[in-house]
Amino acid sequence: MNVFVVEHREGLVLFDTGQDRAATVDPTYFPAGPMGLVFTRVAKGRMGAGETVPARLAALGLRAEDVAKAVVSHLHYDHVGGLRDLPRAEVLVSRAELDSLTSPFPVARGLLPGRLHDGARWRPVDFEPLGDAGLAPFTAGFDLFGDGALVMLPTPGHTPGSMSMLVRRKGGAPLLMVGDLTYDAELLAAGALPGLGDRRRMARAAAEVNELRRRLPGLAVLAAHDPNAAALLERASEG
């Protein structure tokens, strides 16, 4: 599960926060009943103490207390589990995704409202017209700091409010962090879709991302569960 760290002059930003280690060591973490059984079978995994968000940040010479903003692609447990370790972070999530928490049967849709960080400072993201920002085919987005460096883009499908984050930087190719829109950047380029979600909306989002990739040469697509993401990031940063 990839967590991406962006150093911006306005502060440290994370994209997604991985899962809570308790999900792998606490037998009561997931709900009881049939859905709990599904979670325990699908969500099997191991996570050491050195793989938590604070530990991984420390390995980079950073502190969890210094994270100013956490951008969440969507609210599935394996993307928001690290929020409780970020005491000062403002948490950005699309309004549609945040609203989905109050829709019927959240657990059946992969959400665990009871496991969300109670003290999180939520900031709903409302997408706005992008104008001539040069991000076609996307016509709406949210510029985090107003300088074009970090732009949230709507990529619904896996969940109703899934969003991605475009990172434009000096001295490196642009990056697009896409959450669970895909699990493999090469498969996304070929038009293949992951198995979970609204396939019509995912297909549209995938087509928009692939068109953006065509328009932004060198754009690296980084997925939350792509084991090749680190290598793609390193390649995009060379030179």
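1. A good place to begin is a contact between two charged side chains: Glu211 and Arg215 meet in a salt bridge, with 2.8 Å from N to O. Both residues belong to helix 7, where they sit four residues apart, about one turn of the helix. Glu211 is partly exposed, at a relative accessible area of 22%, and Arg215 is also partly exposed, at 45%. Please keep in mind as you read on that this is a predicted model.

2. How many salt bridges does the count come to? The count comes to nine salt bridges. One of them joins Asp20 to Arg84, with 3.5 Å between the closest N and O atoms. This pair links distant parts of the chain, as the two residues are 64 residues apart. Asp20 lies in the loop between strand 2 (11-15) and helix 1 (22-25), while Arg84 lies in the loop between helix 4 (77-80) and strand 4 (90-94). Is Asp20 buried or exposed? Asp20 counts as buried because its relative accessibility is 17%, and buried means under 20%. Arg84, with 38%, counts as partly exposed.

3. Another salt bridge is worth finding on your screen, the one between Arg63 and Asp66. The closest N and O atoms of Arg63 and Asp66 are 3.0 Å apart. Arg63 counts as partly exposed at 46% relative accessibility, and Asp66 counts as partly exposed at 38%. Salt bridges also link Lys69, Glu90 and Arg123 in a network, so you may like to display those three residues together.

4. Now for the second largest pocket, which holds about 210 Å³ of space. Its lining includes Pro137, Phe138, Thr139 and Ala140, together with Pro154, Thr155 and Pro156. Arg200, Arg201, Arg204, Ala205 and Glu208 line the pocket as well. Which element gives the most to this lining? Helix 7 (residues 199-215) does, with five residues. Sorted by class, the lining has six nonpolar, two polar and four charged residues.

5. Two of the lining residues deserve a separate look. Ala205 is in helix 7 and is buried, with a relative accessible area of 1%. The C-alpha atom of Ala205 is 7.9 Å from that of Pro154, although the two residues are 51 residues apart along the chain. Pro137, which also lines the pocket, is found in the loop between strand 6 (128-129) and strand 7 (140-143). The peptide bond that leads from Ala136 to Pro137 is cis, and its omega is near 15°.

6. There are enclosed spaces to check too. The count comes to three cavities of 30 Å³ or more. The largest cavity has a volume of about 40 Å³. Which residues line the largest cavity? They are Tyr29, Leu75, Tyr77, Val80, Gly81, Leu112, Arg115 and Leu116. Six residues of this lining are nonpolar, one is polar and one is charged.

7. On the outside, Met35, Val38 and Val42 make a nonpolar surface patch of about 260 Å². Met35 has its place in helix 2 (residues 33-42). With 30% relative accessibility, Met35 counts as partly exposed.

8. Finally, here are two backbone angles to look at. Asp16 has a phi near 65°, which is a positive value in a residue other than glycine. Asp16 has its place in the loop between strand 2 and helix 1, and at 2% relative accessibility it counts as buried. Phe105 has a phi near 55°, again a positive value in a residue other than glycine. Where does Phe105 lie? Phe105 lies in the loop between helix 5 (95-99) and strand 5 (121-125). Phe105 is exposed, because its relative accessible area is 66% and exposed means over 50%.

Terms used: Residues numbered from 1 in each chain as written. Predicted model: local features only at pLDDT ≥ 70, side-chain atom pairs only at ≥ 80, totals over all residues. Heavy atoms only, no water. 1 Å grid on protein atoms, 1.4 Å probe; cavity = no way out; pocket = protein on both sides within 12 Å on 5 of 7 lines; lining within 4 Å. Points joined across faces, edges and corners; volume = space filled by probe spheres on them. Nonpolar A, V, L, I, M, F, W, Y, C, P; charged D, E, K, R; others polar. Salt bridge = Lys/Arg side-chain N within 4 Å of Asp/Glu carboxyl O. Buried < 20%, exposed > 50% of the residue type's maximum accessible area, 1.4 Å probe, protein only. Patch = residues over 30% accessible without salt bridge, like charges linked within 9 Å, V, L, I, M, F, W, Y side chains within 5 Å. Areas by Shrake-Rupley, 256 points an atom, 1.4 Å probe, with all protein chains shown as cover.
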